[in-house]
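Thanks for coming, everyone. I would like to walk you through one chain today, going from the overall picture to a single residue.

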Amino acid sequence: AWGENREEARENMVVALRDLSIRGDFRTTVEYLIMLMETEHFLLNKFHTGWLDHLIAMKAHAEKPDPLSAVVCGALHVAYTTVTKSTAQYQSSIERGLSPSAETLITTVDVELINDNVKYAIKITRSSANSYFLLMNNSVLEVEVHRMKDGGLLLATGSNSYLTYMMDEVDRWRVVVNGKTVVFEKERDPTKLRSTSTGKLLQYVVEDGGHVNADDPYAEIEVMKMVMTLRAPECGRVLHLKRPGAVLDAGML
């Protein structure tokens, strides 16, 4: 970035980073770089490698979106995906000459999101092509939803608007709201051990029926020429369902 002085160049860089949008299955350091460039030490030009090590040790995080806005955006993404898929299947059945039951057309979705050990329960109903009503804690919110060409959703409620994206991962939803990321956990059954990524099972590090404690490794998989360790979420015994060498899809038992 360029500017007449350091501060102007810094501001231009922050603006450029905020406008930068990279979509994919991987995460980037864009939000973290924005956070670094807005710290007091960076503003005063008093930063050094030791300062960066200190931030890493303190587990400094990039700025997160407003919790309520993040919940609304995340819930709408989940509901929109469910409703859109149901509508497409319904239309496909009609085009094939079938008479599907109206009950198969989903217009109301119950969504549960977990963030920082807090569970949010939201009921979402589609009232028209681009209008949804959200019910949470006896409060109702109407939101206008528009699908973007790059897969994002533009949400508008009152005088506020949000450009959002969502990545549906094995055990979580990663939601980006106006360039800020928040992660919502999914309800999971700790008795079912699932592959976190697509890859090949290399070996078990625990014998069949062996005992593991929480966070103990139980298997290794190969993902894109790299070896990843799978860890148990809770204490228990591991039963082998797949043989070493088996190809695993993300989320497979």
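Before I give the first figure, a word on a term: a residue is called buried when its relative accessible area is under 20%. By that definition, and keeping in mind that what you see is a predicted model, buried residues account for 31% of the chain's 253 residues.

As for the fold, the chain contains five helices and 14 strands. Its radius of gyration is 23 Å, whereas the globule rule gives 18 Å for 253 residues, so the chain is more spread out than a compact globule. The C-alpha trace, taken along its principal axes, spans about 65 × 55 × 35 Å. If we consider contacts between residues at least 6 apart in sequence, 46% of them join residues at least 24 apart.

Turning to the surface, the accessible area of the chain is about 16400 Å², and carbon and sulfur atoms contribute 53% of that. There are 28 positive and 34 negative side chains, with the centres of these two sets lying 5 Å apart.

Now to the single residue, which is Arg10, located in helix H1, a helix that covers residues 6-19. Is Arg10 buried or exposed? Its relative accessibility is 11%, and because the cut-off for buried is under 20%, Arg10 counts as buried. Leaving aside residues up to four places away in sequence, Arg10 touches Met37, Glu38, Phe42 and Leu43. With Met37 there is also a polar approach to point out, since a polar atom of the Arg10 side chain lies 2.9 Å from the backbone oxygen of Met37.

Note on methods:
Residues are numbered from 1 along each chain as its sequence is written. This is a predicted model: local features need pLDDT of at least 70, side-chain atom pairs count only at pLDDT 80 or more; totals for chains, interfaces and linings use all residues. Side-chain values use heavy atoms; hydrogens and water are left out. Helices (H or I, at least four residues) and strands (E, at least two) are DSSP runs, numbered from the N terminus. Buried means under 20% relative accessible area, exposed over 50%, partly exposed in between (1.4 Å probe, protein chains only). A polar contact is a pair of N or O atoms within 3.5 Å; within protein, one must be able to donate a hydrogen and the other to accept it, and residues adjacent in sequence count only if both atoms are side-chain atoms. Contact means heavy atoms within 4.5 Å. The radius of gyration is taken over C-alpha atoms; the globule rule is 2.2 Å times the number of residues to the power 0.38. Accessible areas come from the Shrake-Rupley method with a 1.4 Å probe; for residues, only the protein chains shown count as cover. Lys and Arg count as positive and Asp and Glu as negative; His and the chain ends are not counted. The place of a charge is taken as NZ of Lys, CZ of Arg, CG of Asp or CD of Glu.
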